[in-house]
Amino acid sequence: MTLSFDPDSLSLPIGHFIGDRLIAAEGVISMHRPSDGKAYAGCPLADADMVDRAVETARAALKTSNWGGVRPRERLNVMHRWADMIQREAVTLARLEALSSTRPVGHLIDGDIAISAEQIRFFAEFADKEGSDLVPTDDGNLGMILTEPYGVVGAITPWNFPISMAVWKLGPALAAGNAVVLKPSEMTPFSAIYLAELAVLAGLPAGLINVVLGDGQMTGNAITGHPDIAKVSFTGSTRAGSAIMENVARTGIKPMTLELGGKSPQLVFADADLDKAAAAIATSIISNAGQACVAGSRLIVEESVATPLVDAILRHMNGLHPVPTWDASARYSPIISDKQRQRIHSIVAATVSAGGACLAGGAPMDAPGYFYAPTLIAGVDATSPAVTEEIFGPVLTLQTFRDEEEALSLAEHPTYGLAAGLFTRDLSRAIRITRSLQAGTIWVNRYGRSRDHILPTGGYKQSGIGKDLGREAFHANRKSKSVLISI
Ligand code: NAD
């Protein structure tokens, strides 16, 4: 069976998923397909009452199912069945995702969806293995750290990898014994609804996952400010993260995991394997058209090898074609919206006006939809807009250095510290630089995640607070209680 599909043929779940069913709702936020710009649906807008209904449903489900208190292996088993179901229904899920988002349908089945199923299994395995601790005290006392779920977690996710981002929140929260009210991005809401539907079909007690659709202003605020949302788990821009902190501070303090923006450097030393470095660097900025929080968007290369490295990167950047995400042959993603494409172009144009030179791209692609050509800009410095701003598009800047000290100083960004890449064959230098770089993830002689979900991800500086993935994400979904018993 081919994965390609007719984008006008899909039936969309337009509503909110609460308890065990879709509550149909009017689509009010206009949605356009990134691949051809066509208006195709409206996203409903949950108000405070709808959010309240979802939170109440989650609370009731926790009570009746005793999800946080059942034998942990039962939580694990249900989550494995959910992962099985996701893989069985991967084609439907992939098509829903490819229609609204920038993810090519051909990348989804063995990529985002297979990895998400694996991550659900990964988190499920913590349910009956990670627990409370007995701690050393004097022998007149017994000390324990008991952990327990928070209750209802409010999760808010972005549009760039909709299924993956939803699973990063749902997996650890459910494994740790919580219920979730999830708000996906208003631009890519439908795959999250289907994930919730599949969870119920797999036997997850209804009401443990509720999906409300809407924007940040109304629906997002109602979630983060809800008195019965015990913890907020957010992935998105630093701007929205800061607005959420403000709302939480105003409405009642609660713990937050914030996975925010980035402007990650890739450092290449003259002794590196340049072909390998070029492939990794180009992939990181071409993949999803640079719409990834960890996109390695600032290339910082030792002067003496800049020319051969840039030539090799350009070979990877050239020859990409704009093909709609619903065509199984698509390899290169469109930009999510016309507005975002205009923003990308205005940052590129401002950088060029300030003295930058485009060695590739620098313009929208001549095709329907919102495609933007892979772009490489030289002649920039630390004040150029393309170097300071998180562009969230396929734009790579080029800076050169003469020594290690200069490389490190260029790598440092005043605002962001999400990830960094480093290419060198000198082991001592790799360790030295890894220790100096101020970022939550460092990749050496590679760029991008592997399928080792045990490695947590999260930011330094304004790139965030707390971690997704890893043991850390499971523990971030449980609170701890210190107990001291006099014997
Ligand atoms: P965004 O911040 O505009 O929106 C993200 C989500 O937050 C959406 O669901 C949106 O409706 C909601 N939202 C917006 N304002 C809100 C508010 N005041 N209160 C509550 N919810 C609000 O981000 P985006 O454009 O969807 O995604 C791109 C951003 O996400 C980039 O900055 C990227 O770096 C970041 N991101 C970070 C990670 C990470 O792991 N650090 C991963 C993916 C994306």
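How do the residues of the lining of the largest cavity divide into nonpolar, polar and charged? Keep that in mind; the tour ends in the cavities. The model is predicted.

**Stop 1: the ligand.** Select the ligand and the shell of 28 residues that surround it. Thr157, Lys183, Glu186, Ser237 and Glu390 are the closest. Colour the shell by class: 13 residues are nonpolar, 9 polar and 6 charged.

**Stop 2: backbone contacts.** Show the backbone of Thr157. One of its polar atoms sits 2.8 Å from a ligand oxygen. Go to Gly216, where a backbone N or O atom is 3.4 Å from an oxygen atom of the ligand. At Leu260, the partner is a ligand nitrogen, 2.8 Å from a backbone N or O atom. Now turn on the surface: the ligand alone exposes 850 Å², and the protein buries 91% of that.

**Stop 3: the elements around the ligand.** Select α7 (216-224), β10 (231-235) and α8 (238-251), which each give two or more residues to the shell. α8 gives the most, with 4 residues. Colour by domain next. Domain 1 (15-260 + 464-486) and domain 2 (265-452) each supply at least three shell residues.

**Stop 4: the cavities.** There are 4 cavities of 30 Å³ or more. The largest has a volume of about 80 Å³. Centre on Pro265, Ala411, Tyr416, Gly417 and Gln438, the closest to its centre among 17 lining residues. β17 (416-417) and β18 (419-423) each bring at least two residues to that lining. Its classes answer the opening question: 8 nonpolar, 5 polar and 4 charged.

**Stop 5: the second largest cavity.** This one holds about 70 Å³ of space. Select its lining, including Lys263, Cys293 and Glu390. The lining residues divide into 6 nonpolar, 4 polar and 2 charged. Glu390 also appeared at the ligand, among the closest residues.

Methods: Residues numbered from 1 in each chain as written. Predicted model: local features only at pLDDT ≥ 70, side-chain atom pairs only at ≥ 80, totals over all residues. Heavy atoms only, no water. Near = heavy atom within 4 Å. Polar contact = N/O pair within 3.5 Å; in protein donor to acceptor, adjacent residues only side chain to side chain. Areas by Shrake-Rupley, 256 points an atom, 1.4 Å probe, with all protein chains shown as cover. Nonpolar A, V, L, I, M, F, W, Y, C, P; charged D, E, K, R; others polar. Domains from an automatic or database assignment. 1 Å grid on protein atoms, 1.4 Å probe; cavity = no way out; pocket = protein on both sides within 12 Å on 5 of 7 lines; lining within 4 Å. Points joined across faces, edges and corners; volume = space filled by probe spheres on them.
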